[in-house]
Amino acid sequence: MIKLVAADMDGTLLDSQKQLPPDFWQTFDRLKAKGVLFVVASGRTYPTLKRNFEPRAAEMTMICDNGGVIGVQNEPVYVSTIAPALRRELLEACEEIPDIHLAVSTPHTTYMLPYRQKPEEKRIIDLSFKDVKVVKDLYAIEDDVCQIAICDIRHPDKNAYPVLSKRFAGRLAVQTSGSWWMDVMNAGVSKGSALTRLQKMLGVTAEETMAFGDFDNDIQMLSVVGESYVMQNAPAHMFQYGKHTAPSCDEYGVTQVIRREILGDCI
């Protein structure tokens, strides 16, 4: 019996207009009544996710920053902090890569430099981040940093990813998380490692867990569950990582599957 459900946000739970399924909260409440915990698992920051799920964020369990933060009832219960020296080296490496914009995440806010005159970059960032604090110097940040997200308008797989994945191999986890995004966390940090941590905290097995994803940063999460679903809208290479295929995000595949497989609805 499924006791824990985890779902990625962009391209998975959210439709292409970045909206929750119309039946999300009804489905959430029915899962809760059945004793099944729903967990959102995203590369988005904790402050952003709390804003995304207002006014009921306090009811949510969230894997944030690609596993760098776990939040329960509006409080971080786990944070993986990047060491200051390693963070500085990463910032220095990023200065050498053209056309990228950094979002430096902590459990409580996200720091960015002022936008450059690139409207497309601003549009992409504004869709993904809330509660941003604009600063003049990213090196001066004193808060604990759990993730550095990189907006790459040249596309990360061709621009930033080859450089950073090679330079920080074995020292940092470097993942692409969308057509425009890549994320950098501590080595070993992923949605999968965070979900495993939650499973142990709750006494839930992999076989009692269901997960949904659509992109590379979901691969580890899909590998630690008994029932793994890749969204129909995912890139072709992703289907090898799922036991099942879910209808697309624009068909609200996550709630469709939950209602059919866990709640017993005829769909």
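In this predicted model, serine 248 is placed in the loop that connects strand S14 to helix H9. With a relative accessibility of 14%, serine 248 counts as buried, because the limit for that class is under 20%. When residues up to four places away in sequence are set aside, serine 248 touches Met231, Gln232, Asn233 and Gly253.

Helix H9, which spans residues 253–261, packs against helix H2, residues 24–33, at an angle of about 35 degrees, and the axes of the two helices are 10 Å apart. The crossing in which H2 passes H9 is left-handed. On the side of H2 the contact is made by Phe24, Thr27, Arg30 and Leu31, and on the side of H9 by Thr255, Ile258 and Arg259. By character, the residues of this contact between H2 and H9 comprise three nonpolar, two polar and two charged ones.

Ile258 of this helix contact also appears among the residues that touch the most other members of the largest nonpolar core, a group of 31 residues in which Val5, Phe38, Phe53, Met62, Phe212 and Ile262 are listed alongside Ile258. A second core, separate from the largest one, holds 24 residues, including Ile100, Tyr111, Ile141 and Ile150. In soluble globular proteins, nonpolar side chains tend to be buried together.

An open sheet is formed by eight strands, which follow one another in the order S5-S4-S3-S2-S1-S12-S13-S14 with mixed pairing. The edges of this sheet are occupied by strand S5 (75–79) and strand S14 (244–246), each of which has a single partner strand, so that one side of each is left without a neighbour in the sheet. From one strand to the next, the twist averages 25 degrees.

Within the sheet, strand S1 (residues 4–7) and strand S12 (residues 209–213) run parallel and are joined by four bridges, with valine 5 standing opposite methionine 210 in S12. Valine 5 is also one of the residues that touch the most other members of the largest nonpolar core. Strand S12 is in turn joined to S13 by four bridges, again with the two strands running parallel, and alanine 211 has serine 228 of S13 as its bridge partner. Strand S13, which covers residues 227–231, is mostly covered, four of its five residues being buried. Three bridges then link S13 to S14 in a parallel arrangement, in which tyrosine 229 stands opposite histidine 244 of S14.

Helix H7, formed by residues 191–202, lies across several strands, namely S1, S2 (37–41), S3 (61–64), S4 (69–72), S5 and S12, and runs at about 150 degrees to S3.

A further pair of strands is made up of S10 and S11, residues 181–186, which pair in the antiparallel sense over five bridges. The two strands are joined by a hairpin through four residues, and leucine 172 has asparagine 186 as its bridge partner in S11. Five of the five residues of S10 (residues 172–176) are buried, and S10 is therefore largely enclosed by the rest of the structure. Both of its faces are covered, since the buried residues comprise Leu172, Val174 and Thr176 on one side and Ala173 and Gln175 on the other.

Several loops contain backbone features that merit separate description. Most residues other than glycine have a negative phi, and most peptide bonds are trans. A cis peptide bond, with omega at about 5 degrees, joins glutamate 54 to proline 55, and proline 55 is located in the loop between helix H3 (46–52) and S3. Asparagine 66, found in the loop between S3 and S4, has a positive phi near 55 degrees although the residue is not glycine. The relative accessible area of asparagine 66 is 0%, and this asparagine is therefore buried. In the loop between S4 and S5 lies asparagine 74, for which phi is near 70 degrees, likewise a positive value in a residue other than glycine. Asparagine 74 has a relative accessibility of 31% and so counts as partly exposed.

Terms used: Residues numbered from 1 in each chain as written. Predicted model: local features only at pLDDT ≥ 70, side-chain atom pairs only at ≥ 80, totals over all residues. Heavy atoms only, no water. Core = buried A, V, L, I, M, F, W, Y, C linked by side-chain atoms within 4.5 Å. Buried < 20%, exposed > 50% of the residue type's maximum accessible area, 1.4 Å probe, protein only. Axes fitted to C-alpha atoms, helices over the stretch in contact; angles between N-to-C directions. Left-handed = near helix turned anticlockwise from the far one by under 90°. Contact = heavy atoms within 4.5 Å. Nonpolar A, V, L, I, M, F, W, Y, C, P; charged D, E, K, R; others polar. Pairing = 2+ DSSP bridges.
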